[in-house]
Amino acid sequence: MLTEQRFDIILKLLEEKKSVTVTELRELLDASESTVRRDITALDKAGKLTKVFGGAVALNHKVTAYEPTVAQKSELNKEEKQRIAKYAASLITPDDFVYLDAGTTTGLMLEYLAGVRAAFVTNAVSHAQTLAKMGIRVYLIGGELKSSTEAVVGSQAMQMIQMYHFTKGFFGTNGITRREGFTTPDTSEAIVKSTAMKQCKDVYILTDKSKFGEVSSVTFGGFTDAKILTEEIPEEYQDSKNILKVE
């Protein structure tokens, strides 16, 4: 198949689906992965699509690689986040072994954990410090500390997480769509999130309504891989059985 023919197929598919993965294109075009990646790179440089981790999206399909700092995110939709965090904290029982993801909404859960007898594992230094001061048993994952989100990431973090088996896990996200799932701008943080989710019996994503329809660079979980706790369900997601509206 000629290069121009492959380009036409890729662009037509993006027009229909808005996003496509390298794996999908490799099978559709019957081409090697390196060829598909070169095609995506060429079309990205030509301004025909947007290249993202693992594939491409249409130009009019919003994707962001921007990662706000903890300070910037802490005041955004705070009242909604507090309601979500309070409900999430109420799900924890004394026998639980909980994974607590780094993030502002998961951090707000700490305000509602006084007297909780469950044990926690977290990759957030600030979460661990607060839990320890509260007299709650907590294990801090080791590894590289990411400054913008204050999250511990890297291969060492992944190896430690894989040793544990959690009854519940609570995670934040930068974006949610049915097709791309749960996304975040940082590859290393996405890998840690994905690894931890696989070790949890029950997985909860804590998010306010602003994250629906947003897509960040890297997917760390599929849309149906978790129960979503939010304060308002957008109209186009009303039929999703894994979304729980927090009152």
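A residue is taken as buried when its relative accessible area is under 20%. By this criterion Gln199, at 18% relative accessibility in the predicted model, counts as buried. Gln199 is located in the loop that links α9 (187–198) to β12 (200–206). With neighbours within four places in sequence set aside, the contacts of Gln199 are Ile161, Gln162, Tyr164, His165 and Phe166. One of these residues, Gln162, also offers its backbone oxygen to the side chain of Gln199, at 3.4 Å. Between Gln199 and Ala124, which are 75 residues apart in sequence, the C-alpha to C-alpha distance is 17 Å.

A second buried site is Lys168, whose relative accessible area is 11%. Because this value is under 20%, Lys168 falls in the buried class. Lys168 belongs to strand β9, which spans residues 166–171. Its side chain takes part in a polar contact of 2.6 Å with the side chain of Asp96. The side chain of Lys168 also reaches the backbone oxygen of Leu91, at 3.4 Å. Beyond four places in sequence, Lys168 touches Leu91, Thr93, Asp96, Phe97, Val98 and Tyr99, as well as Cys200, Asp202 and Tyr204.

Attention now turns to the helices α1, α2 and α3. Helix α1 (residues 3–17) packs against helix α2 (residues 22–29) at an angle of about 130°, and their axes lie 11 Å apart. The two helices are therefore oblique to each other, since an angle of about 130° lies outside the range of 65 to 115 degrees and is not over 145. The crossing of α1 past α2 is right-handed. On the side of α1 the contact is formed by Arg6, Ile9, Ile10, Leu13 and Lys17, and on the side of α2 by Glu24, Leu25, Leu28 and Leu29. By class, the residues of this contact comprise 6 nonpolar and 3 charged, with no polar ones.

Helix α2 also packs against α3, with axes that come within 9 Å and cross at roughly 110°. This angle makes α2 roughly perpendicular to α3, because it falls in the range of 65 to 115 degrees. The crossing of α2 and α3 is right-handed. Val22, Leu25, Arg26 and Leu29 of α2 meet Glu33, Val36, Arg37 and Ile40 of α3 in this contact. The contact of α2 with α3 contains 5 nonpolar and 3 charged residues, and no polar ones.

Leu29, a residue of helix α2, takes part in the contact with α1 and in the contact with α3. Leu29 is buried, with a relative accessible area of 4%. Apart from residues up to four places away in sequence, Leu29 touches Met1, Arg6, Ile9, Ile10 and Val36. The C-alpha atoms of Leu29 and Ile9 are separated by 8.1 Å, although the two residues are 20 residues apart along the chain.

Asp30 lies in the loop between α2 and α3 (33–45). At 71% relative accessibility, Asp30 counts as exposed, because this class begins over 50%. Leu29, by contrast, is buried. The backbone of Asp30 has a phi near 55°, a positive value in a residue other than glycine.

How values were computed: Residues numbered from 1 in each chain as written. Predicted model: local features only at pLDDT ≥ 70, side-chain atom pairs only at ≥ 80, totals over all residues. Heavy atoms only, no water. Helix = DSSP H or I, 4+ residues; strand = E, 2+ residues; numbered from the N terminus. Buried < 20%, exposed > 50% of the residue type's maximum accessible area, 1.4 Å probe, protein only. Polar contact = N/O pair within 3.5 Å; in protein donor to acceptor, adjacent residues only side chain to side chain. Contact = heavy atoms within 4.5 Å. Axes fitted to C-alpha atoms, helices over the stretch in contact; angles between N-to-C directions. Parallel < 35°, antiparallel > 145°, perpendicular 65-115°, else oblique. Left-handed = near helix turned anticlockwise from the far one by under 90°. Nonpolar A, V, L, I, M, F, W, Y, C, P; charged D, E, K, R; others polar.
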